[in-house]
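Hi,

Here is the structure I said I'd pass on. Have a look at it first, and then read my notes below.

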Amino acid sequence: MKHYIVFVSFLVLLLSCKNKQPISKSTDSDIKNTEKPNIIIILTDDQGYADVGFNGCKDIPTPNIDRIANQGVKFTNGYVTYPVCGPSRAGLITGRYQSRFGFGRNPICDPDEPTFGLPLSEKTLATVLKSNGYTNIALGKWHLGTHETLHPLKRGFDEFFGFLSGGHQYFPELWTLNDISEIQSQFDGYNTKLLKNNTRVDEKEYLTDALSRQAVTYIKENKENPFFMYLAYNAPHTPMQATKKYLDRFPNIKDSKRKTYAAMVSAVDDGVGIILDELNKLNLEENTLVFFLSDNGGPEQHNASDNGQLRGGKSDLFEGGIRVPFALQWKGHIPSGTIYDKPISSLDIFATAVEVSHTNISNNKKLDGVNLIPFITHKKEGVPHDYLFWRKFDSQQYAVRNGNTDSKMIISKKTNGLYHLHEDIGEQNNLKDEKSSEYETLNNLRTEWEKGLIPPIFKPLKQHKQHFEERNKKLNN
């Protein structure tokens, strides 16, 4: 009788559980979300280090960009791999120092040249994530080659909306060329109609707003699938153009160039806001890493950007050229309001993305970046990088940043220097002679690092006029 009662009790329990989902059971969606978080990279163009609120900007409010830092981590020593656009982007999108594969200068914008861009030997972050079931979109500025073989859709992206050249006009009425094949000079690419995948479209909105709109649309359409979004705004790169809507926000800025710059940054901030709002609305915040950074420091004289206390700007290996506003949000995984002071690099975005998404890259070339998450959350001690390196091949300039200390070495035709950045962020006090052994140690490391690099594989940008004269002559014959 006793055994019969136990059996009946067990049977009743089994039948009652049959129609109930255990609370602890994970759905397929939960498993997907845990193993494959979405990755969003928001990249601005030529934005100054001091031109975001989280780095102390007072005259240009950036409340939405600041949300990324406030809800995640602000990197006070966040670097890019090169102080101008093209090479910096090549390093970011591959996770490797761009001079390892010959992208050591900006490419000439020639759609007939298959070598003028990111070589096919390199895999992009989109390519490797695609192998793990991600869908991918590139939005905005490409600048990694205009030949058909170098198109974003050939480099791992499923969708593209933007332009292939290194810059662009912001107002639709200025987009007078139907295709990149019509260009006759380097900067004609600024005047092309936008591409949606492989088709030219008649876009009507201010360029920054159009990119933000497409970003939100993509998130809505792909909310059920893991996705990678590379949103490369060309703002606030020249030409300095903004709509009245944004200009009217800055009546107190009297300098016209700074006012336009502020308006262009504000347009980006609006875009960041609607993207973050959409992630929140769709409950995707805890399943999405959002990176924000600029591709290089601000060219203060050209676009009225502000690098704050940093010396130099775009094209310099001083801090103003390579240290950029840099933040990361991953709600539920990174504590809000984190400040991380150790040197990190745009190279780390690739490595972080593949690690958190459990993407197998065993057949990929060795990465130069590292997964930042364990360092940010203090699960891993030490520093992400013992050293960071820079080279400008054409001018034979170099820099090395020691990750364990605050020292930085620079070599150029004008200055061979050693600086301790903690006490001299403006790089004014050259300690090379006083601390010659420290300088030589960094220089020896630089020499060893350079053994793994190659010269640029395409012509210097400064030869663009001669190149197009020869190209146009051939086309007309």
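What follows is a short tour of the salt bridges, the cysteines, one helix and one loop arginine.

Before anything else, keep in mind that this is a predicted model.

**Salt bridges**

The count comes to 28 salt bridges. I picked out three pairs.

Start with Arg258 and Asp59, whose side chains form a salt bridge at 2.9 Å, N to O. Arg258 sits in helix H8 (residues 256-281), while Asp59 is in the loop between strand S1 (38-44) and helix H3 (63-70), so this pair ties together parts that are 199 residues apart in sequence. The two ends differ in burial: Arg258 is buried at 11% relative accessibility, whereas Asp59 is partly exposed at 32%.

Next come Arg96 and Glu122, with a salt bridge of 2.8 Å, N to O, between their side chains. Both residues lie in the loop between helix H4 (85-94) and helix H5 (125-130), so here the tie is between parts 26 residues apart in sequence. Arg96 is buried, with 9% relative accessibility, and Glu122 is buried too, at 5%.

The third pair is Arg446 and Glu450, which meet through their side chains at 3.1 Å, N to O. These two are four residues apart in helix H13 (residues 436-450), a separation of about one helical turn. As a reminder of the geometry, an α-helix has 3.6 residues a turn, so residues three or four places apart point the same way. Arg446 and Glu450 are both buried.

There is also a network to look at: Asp45, Arg89, Lys141 and Asp295 are joined into one by salt bridges that share partners.

**Cysteines**

How many disulfides are there? The count is zero. Take Cys85 as a worked case: the closest cysteine sulfur to its own belongs to Cys109, and at 13 Å that is too far for a bond. The cut-off for a disulfide is 2.5 Å between the sulfur atoms. Cys85 is buried, at 2% relative accessibility. Seen from the other side, Cys109 is in no disulfide either, with the sulfur of Cys85 as the nearest cysteine sulfur. Cys109 is buried as well, with a relative accessible area of 5%.

**Helix H3**

H3 is the helix that follows the Asp59 loop. Its buried residues include Asn64, Ile65, Asp66, Ile68 and Ala69. What covers them? Among the elements doing so are S1, strand S2 (73-75), H8, strand S9 (288-294) and strand S10 (326-329). H8 therefore turns up twice in these notes, as the helix that holds Arg258 and as part of the cover over H3.

**Arg100**

Last, have a look at Arg100, in the loop between H4 and H5. Is Arg100 buried or partly exposed? Partly exposed, with a relative accessible area of 24%. Leaving aside neighbours within four places in sequence, Arg100 is in contact with Asp368, Trp449, Gly452, Leu453 and Ile454. With Asp368 there is a polar contact of 2.8 Å, side chain to side chain. By contrast, Val73 is 27 residues from Arg100 in sequence and 30 Å away in space, C-alpha to C-alpha.

That's what I have for now.

Cheers

Definitions and conventions: Residues are numbered from 1 along each chain as its sequence is written. This is a predicted model: local features need pLDDT of at least 70, side-chain atom pairs count only at pLDDT 80 or more; totals for chains, interfaces and linings use all residues. Side-chain values use heavy atoms; hydrogens and water are left out. A salt bridge is a side-chain nitrogen of Lys or Arg within 4 Å of a carboxyl oxygen of Asp or Glu. Buried means under 20% relative accessible area, exposed over 50%, partly exposed in between (1.4 Å probe, protein chains only). Contact means heavy atoms within 4.5 Å. A polar contact is a pair of N or O atoms within 3.5 Å; within protein, one must be able to donate a hydrogen and the other to accept it, and residues adjacent in sequence count only if both atoms are side-chain atoms.
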